[in-house]
Amino acid sequence: MTELPTTTREIHLASRPDGWPTPENFRLEEVDIPALKDGEILVVNHHMSVDPYMRGRMNDTKSYAASFQIDQPLDGAAVGEVISSRSDDVPVGATVLHGLGWREHAVVEASSAKQVDPALASESAYLGALGMTGLTAYAGLNYAGHFKEGDAVFVSGAAGAVGSIVGQIAKASGASRVIGSAGSAEKIARLKELGFDEAFNYHDGDVSEQLQKAAPEGIDVYFDNVGGDHLEAALTSLNVHGRVAMCGAISQYNATEPTCAPRNLAMAIGKLLNIRGFLVGEFQDKSDEFAQKMAGWLDDGSVTFDETFREGLDKAPQAFIDMMRGANSGKMVVTL
């Protein structure tokens with residue numbers, strides 16, 4: 001019988017970032033693993049996720065998710081193997097998805113862990129295309145954005161984990177045109193490979209002008225991962241009865257001064273626009289529907305997904321920082 005570990009390593013929040021996070025805001029700690037209570041499992045994490053929403057949780061402000069606490073471990077999605085169990089429902093050897101990432105081992109309430117099948121897809125895929133990332137893309141486009149066949153769709157941050165899936169789902173679902181923005185020539189080339197009809201580098205010039213050139217007949221749905229100048233550009237290009245699904249605003253997450261709202265927001269009135277913020281949690285009831293459709297798209301090649309890997313828990317803070325600066329193609333995953 002393999003001896004169970006008694007200690008593990010985890011990443012703590014050492015200080016709250018002021019603007020862009022730095023490595024000094026994080027600290028690697030070794031801690032004791034507590035004894036399991038009834039209903040708990042011990043998981044050795046194989047992969048963990050770093051995501052843009054985590055930046056907001058590093059601030060001491062009231063939001064939809066609790067703030068990370070100083071000198072306490074961060075958390076987030078992770079997938080790994082159960083190595084000890086005091087639950088009748090989750091046996092040793094099971095592969096589970098759970099919410100206690102940023103550590104090498106996690107004591108998890110079995111009721112909060114989801115068993116997944118590593119024979120159907122790679123474990124890391126359950127952090128991305130088959131997990132919260134994929135559901136965010138699917139539900140945001142279809143239920144927040146009210147996408148319908150024939151719509152022209154614009155996706156900002158289109159080479160990221162969510163954005164790249166949104167564009168492919170839109171194309172597979174009958175979009176008339178799919179446009180994406182990203183921050184490098186390499187990412188633009190990749191978006192074309194993924195089936196985007198047009199893509200532009202927002203560093204190459206005015207975003208509004210580039211969008212109008214890419215979509216001369218306007219857009220019907222804007223999936224917003226960026227905010228700021230991208231949202232302003234989309235408001236100009238949206239057709240009457242256009243829809244905005246506001247998923248993120250990564251251009252503003254590290255701002256140290258208040259950012260200005262879109263200067264053309266009044267366009268929403270005359271164009272009869274629907275601008276809707278959303279959180280993936282409100283669409284958990286769509287999980288089975290999403291899983292069935294995504295399985296089909298992955299199987300027939302309509303959707304593929306990119307992953308950027310970093311190795312080792314000690315690399316997790318830099319992976320997060322790099323992800324915030326756009327160094328990833330698709331999903332940023334830390335392998336532990």
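The expected span of a helix is 1.5 Å times one less than its number of residues; helices (H or I, at least four residues) and strands (E, at least two) are DSSP runs, numbered from the N terminus. The model shown is predicted, so local features are taken only at pLDDT of at least 70 and side-chain atom pairs only at pLDDT 80 or more, while totals for chains, interfaces and linings use all residues. Residue numbers start from 1 along each chain as its sequence is written, and side-chain values use heavy atoms, with hydrogens and water left out.

**View A. Helix H3 and what covers it.**
Helix H3 runs over residues 161-172. Its 12 residues should span 16 Å at 1.5 Å a residue, and the end C-alpha atoms lie 17 Å apart, which agrees. H3 is mostly covered, with 10 of its 12 residues buried (buried means under 20% relative accessible area, exposed over 50%, partly exposed in between, with a 1.4 Å probe and protein chains only). The buried residues are Ala161, Val162, Gly163, Ser164, Ile165, Val166, Gly167, Gln168, Ile169 and Ala170. The cover over them includes helix H2 (132-144), helix H8 (287-300) and the strands S8 (152-155), S9 (177-182), S11 (219-224) and S15 (331-335). After H3 comes glycine 174, whose phi is positive, near 100°.

**View B. Strands S8 and S9, two of the elements that cover H3.**
S8 and S9 pair in the parallel sense over 4 bridges (two strands pair if DSSP finds at least two bridges between them). One bridge joins valine 155 to glycine 180 in S9. S9 is mostly covered: 5 of its 6 residues are buried.

**View C. The largest cavity, with H3 in its lining.**
Rolling a probe the size of a water molecule over the atoms shows where empty space is left. The search uses a 1 Å grid over the protein atoms alone: a cavity is a set of points where a 1.4 Å probe fits but cannot get out, a pocket is an open set with protein on both sides within 12 Å along at least five of seven lines, and lining residues have an atom within 4 Å of a point. Grid points are joined across faces, edges and corners, and a volume is the space filled by probe spheres set on the points. By this rule there are 2 cavities of 30 Å³ or more. The largest holds about 60 Å³ of space. Its lining consists of Gly128, Ala129, Thr133, Ala161, Ser164, Ile165, Phe305, Asp306, Glu307, Gly330 and Lys331. H3 gives the largest share, 3 residues. By type, the lining divides into 4 nonpolar, 4 polar and 3 charged residues (Ala, Val, Leu, Ile, Met, Phe, Trp, Tyr, Cys and Pro count as nonpolar, Asp, Glu, Lys and Arg as charged, and the others, Gly among them, as polar).

**View D. The second largest cavity, with helix H4 in its lining.**
This cavity has a volume of about 40 Å³. Around it are Ala159, Ser164, Lys187, Arg190, Leu191, Leu194, Asp306, Ser329 and Gly330. Helix H4 (residues 185-193) supplies the largest share, 3 residues. The lining divides into 3 nonpolar, 3 polar and 3 charged residues. Ser164, Asp306 and Gly330 also belong to the lining of the largest cavity.

**View E. The second largest pocket and helix H6.**
About 220 Å³ of space lies in this pocket. Of its 15 lining residues, Gly228, Asp229, Glu232, Cys260 and Arg263 lie nearest the centre. Helices H5 (207-214) and H6 (228-237) each supply at least two lining residues, and H6 accounts for the largest share, 5 residues. The lining divides into 5 nonpolar, 6 polar and 4 charged residues. H6 is mostly covered, with 7 of its 10 residues buried; these are His230, Leu231, Glu232, Ala233, Ala234, Leu235 and Ser237.

**View F. Aspartate 322 in helix H9.**
H9 covers residues 316-324. Aspartate 322 counts as buried because its relative accessibility is 18%. Apart from neighbours within four places in sequence, aspartate 322 is in contact with Arg310, Ala327, Asn328 and Met332 (contact means heavy atoms within 4.5 Å).

**View G. Two loop residues with positive phi, tryptophan 102 and histidine 146.**
Tryptophan 102 lies in the loop between strand S5 (95-98) and strand S6 (105-109). Its phi is near 65°, a positive value in a residue other than glycine. Tryptophan 102 counts as buried because its relative accessibility is 0%. Histidine 146, in the loop between H2 and S8, has a phi near 50°. Histidine 146 counts as partly exposed because its relative accessibility is 42%.
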